[in-house]
Each structure stands twice: as structure tokens, then as C-alpha cells.
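Please open the model in your viewer and keep the selection panel at hand, since the tour proceeds by selecting one part after another.

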Amino acid sequence: MFRNISLGQYLPADSILHHLDPRTKTVAGLFFILAVFAAAFPLELFFIYLAGGLLLYLSRLRMIDFWPVFKPFLIIILITVIFQLLFIPGTPLFSFSILSISYEAVETAVTFTLRFVLLLFVVRLLTATTTPVALMDGLEQMLNPLRKLGLAVHELIMIMTISLRFIPMFIEEAERIRKAQLCRGADFRIGSLSSRLKNLFAWLLPLLRSSLQRAEDLSQAMEARAYQGGEGRTRLNILRLRGGDYAYLLSMAALLAAVLLV
Amino acid sequence: MPFILKDVSFTYQKGMAFAQKALKGLDFTVEDGEMLGVMGAAGSGKSTFLQLLNALLKAEQGYVFYEGQDLAQFSKKQLIGLRQEVGMVFQYPEQQIFADLVYDEIAFGPRNIGLDSEDADRRVRESMQQVGLDFAEYSSRRTIALSSGEKRRVALAGILALKPRHLLLDEPTAGLDGEGRRVILDYLQHINRQEHITVIMVAHHLGQLLSVCRRLMIIEKGRIVLDTSVSRILDHYDRLQELGIELPPHLEAAYRLQRRGWKIDTADVGVAAIARQIADKIRSGS
């Protein structure tokens, strides 16, 4: 039930991409996504794919690392493609009794699939090469100017970091309690609606309680270490842009510009 | 023979970047009515091993047989039956308590397996008695107001109410004080000796396992590195040293005295039995 937890998991490796500043990767990722949407079929998309291939090479990850992320989306892609093929009108390419598939439909479906896959790829690339903490650190620094508008940037980012950090633990806990109740004859998939609801209750209640307990413990542990929000807090790892960051950012901006201008 | 494992391996997050081999080529048998202690460092695979025995996890390689049947072939319905016969108590079982009243918490299992309220009631009374909770005093207490030792006993009663023939426990005494530990261990020994329930328990503490179990198994990095009857534990002294496991002081003393030629019988490894022998020898001046 919870086997697929690899969605946002950081995959450690010693690569150029792993060492870049998280801010660079976030902004460059945005450029890349915009480029994906702006790229026309087929030539521009082809070049974007080449760029994607280069990024994959630079990240030292393997294609197989991306598979767990694609898998859950396959069904969505498939359904969308079927609808596009059936319902987009245009020059008929192929027809069989009442079924008719147009040339435009095929083009739309292929473009959609190519873009979607690339989109997943680039998001996964970001989460795979950047630790959640670094990602949030970068985000905090980028949003810092908003503090002047009264937005509690540090606190918001801290909340997000903690949530991200605790997701795997929460999943583990949920799985453990589910198994424990399974051992007491509670089945969450068969039986009448009322018994399933009751069993669900036996699962969710302890989970809620342990989460609240954990939150309480954590807040006390943080206070015990003199945490009192962002004001006056210094950092252990100071983010600094280096040559590689500028090069990466510039090349992604160039990619986007090329797609938009050509 | 309730459990036979043949060349069983298990990997977490198979095929992914963080794949971890938890168990490698396990081969062993558990007899009916045994009391087996499983020990190992954190992450050695002991919890995985327990979960294989009642099919909460499926062996990735090899076979797990329960009463001669391959667990991999069990249907959903058979699995429900299996989990009644092979009770499992997770680490910190009090965390799964959800009902407001002790009675309802313990009756959850019996009701789930379709017993009517009369039968369920009988099961609740029996299992509360088994774990030493007085029915009149405790059954209408609120679970939230119990001490952690009491909560743990309630959780244990919740499993016993299903009348398992074999009981698997993951660190049943973790986080309890001395008194709480003693109660749980005594109780486990009691149901094993008196009611012939097979007990397989995982623990960190060698002394605890030796005080109640008859057989000891040590798992390290997913492999069984020692499997011995408790009465012969001193034969494996060097192996334990290699593994960095310390014997409880009274057994360490017994071992050193044996090496000096004292005849000390370790059929009973309890502190009292060993101490009595040493005292007798000193008194008789031999």
C-alpha cells in the first residue's frame, strides 16, 4: 500500500548537478519547464530532449531511478491519450467504421506525452539531486525579500521542511499500525461498510495520536535547543553561487530563450 | 513443526536506489511449544524475520512453511485464519490502542473474527486474567488513564483474546521499568510452560532472553550467526565474544569458574540456580 515512497526521495551521488546550489536548480528547473511547454513539435521538443539527456548524464542517475515516478502516471497518460485520439477532429489519418483518428489528434497526443514525461523527469531530477533540506533552504533565501511584506518566510519554510522530513516516518508508522490491526483480525478491504469504517478508525486514531505526540515532542526538543523562530538565527551552510551555478542558469535561460524566439 | 524456513531472503525497497537486503538465506525450524529468543543489533533483520512468520511480509526468495503449507500459497481468507493462530505483538503495542475503554480495546479482535458478544466477553475475561489485569477493576477503565506497563498488558490481552497457538513478539519489554519487564516476561514464560503456546520473541537484552527462553538465536546482518539451546550458552562463549555480546554477570562468573575447573551445571541459567551452586562450592570448600 505504501511501497511507492520514492517520489521525492533524494538519491545521493557525486555529480555536477548534485553539487549545484539549490536556488540555481530550482530556477533553472522552472526555465526548463517553461521551455518544455513552449517547445513546438517535433524539432524543438527533440532538442529539449537532447538537453534532458545531457542533464541525466550530468546527474549520474540511471533511467531506472525515474521509473517509480513515471509508473503511477502511466494510467493518466494513457487515458488522456485515448481521449485525445478519439475526440480531436481534423484531417482523418485512419478510420474504422465509426472510429476516426485525425492527424491532429495523433500530433496532440504525442506532444502531450512527450511533454508530460519530460515534466516528470525534470521535477524528479530536482528532488533526486537536492536534499529536501537544501531545497527548502534555497527557497527560504529566495523568498526572503517577502519578509519585508510581513510574511513569516522562515517559519513557513521550517514547517514545510519538517513536514517533508517526517513523511517517511509517518508512512512507516501508518504501515506498522495497519499491520498491527491486521493481526487483530481487522481487514480494511473486505467486510461491510460499517465494519470497514470501524477498522479505519482503529487505524487512523492511533496514527493521529502518535503524530500529535511526535509534534509535541519535537516542539519541546526545539525549544530546549533555544529555537525561537528566524529572527537573528545564523546558518551553518551558507549558500553561495559559484561559476557552475551561473553557467547552468545561463544555459537553461538560453534554452528557454531559444525556444521562445525561434 | 509449525514453522520451517528454507533459504529465505528478503529485501526492502527492491529494485530501488535504497534497496536493503534484510535477510539472507535463512534456514531453520521452530518446534511446537518452543520458547525462542531472537537477538541482534538494530537493523539486523530480526523484525523482518518475525513478520515473515505470519505473512505480513512475503519471502522474496525461498519458502516459509506453516504446518507444512507454503505461506506464499495462502488465500486471503487463509491469511486471516493464520494471523489468528500466529499472534503478533509489535514493538510498543500500546501505540495501537484506539478504544476508549479497556474492555472494547480487548474485544476488538474477538469481534472482528465474528464471535458473538457472549463468546467475546468470555475471551476478554480470560485474556485479562492471563495478563494479570483484574476484570472488575480494569475492564471499565479508560485506556488513556493507564500506565505504560498497564497499557502494554492491555495490548497483549488484545492479541491473546484471539487465542493464538503461537505468539510472536517484537521487543515486548522495550521502554518498561524493571517491574513492568518482570511482569511481561513472567507472563510469557507462564503461557509458554502452562498453556504450551509457542513464543518467539525478539529482544536486545541477552539477560532477559536467557532468563525465560529455552533456545537462543542471534541474527547479524541478515544471517543467523548463532542458534543454540540456552542451557548450552557457555559452549559458545568465544563466539559471543566475537560478536561483541556480553553475558550477564552471573554467567560470566560461572564461565570463569568452570575454566578453573569448578563443576557448575548450567542446565538452569537463572541467577538463583548459578548463585546457589557457587555458594555451595564455597561452603563445602572445594
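**From the interface to a bent helix**

Begin with the contact between the two chains of this predicted model, to which chain A contributes 20 residues and chain B contributes 21 residues. On the side of chain A that touches chain B, select helix 8 (153-182) and helix 9 (193-224), each of which supplies at least two residues. Helix 8 of chain A gives the most to this side, with 6 residues. If you now colour that side of chain A by residue class, you should find 11 nonpolar, 4 polar and 5 charged residues.

Next, select the domains of chain A, where the assignment gives domain 1 as 1-130 + 240-262 and domain 2 as 152-231. Their centres, taken over C-alpha atoms, are separated by 33 Å.

Return then to helix 8 of chain A and place a distance label between its end C-alpha atoms, which are 42 Å apart; this agrees with the 44 Å that its 30 residues should span at 1.5 Å a residue. Where along this helix should you look for a bend of about 40°? Centre the view on Ile167(A), where helix 8 of chain A bends by that angle, and note that a proline, Pro168(A), follows within four residues.

Finally, select the buried residues of helix 8 of chain A, which are Ile157(A), Arg176(A), Ile177(A), Arg178(A), Ala180(A), Gln181(A) and Leu182(A). To see what covers these buried residues, display helix 7 (132-143) and helix 9 of chain A, and add helix 2 (76-85) of chain B, as the cover includes elements from both chains.

How values were computed: Residues are numbered from 1 along each chain as its sequence is written. Chains are lettered from A and ligands numbered from 1 in the order in which they are written. This is a predicted model: local features need pLDDT of at least 70, side-chain atom pairs count only at pLDDT 80 or more; totals for chains, interfaces and linings use all residues. Two residues are in contact if their C-beta atoms, placed from the backbone, lie within 7 Å. Ala, Val, Leu, Ile, Met, Phe, Trp, Tyr, Cys and Pro count as nonpolar, Asp, Glu, Lys and Arg as charged, and the others, Gly among them, as polar. Domain bounds come from an automatic or database domain assignment. The expected span of a helix is 1.5 Å times one less than its number of residues. The bend at a residue is the angle between axes fitted to the seven residues ending there and the seven starting there. A residue is buried if 20 or more other C-beta atoms lie within 10 Å of its own, exposed if 12 or fewer, and partly exposed in between; C-beta atoms are placed from the backbone.
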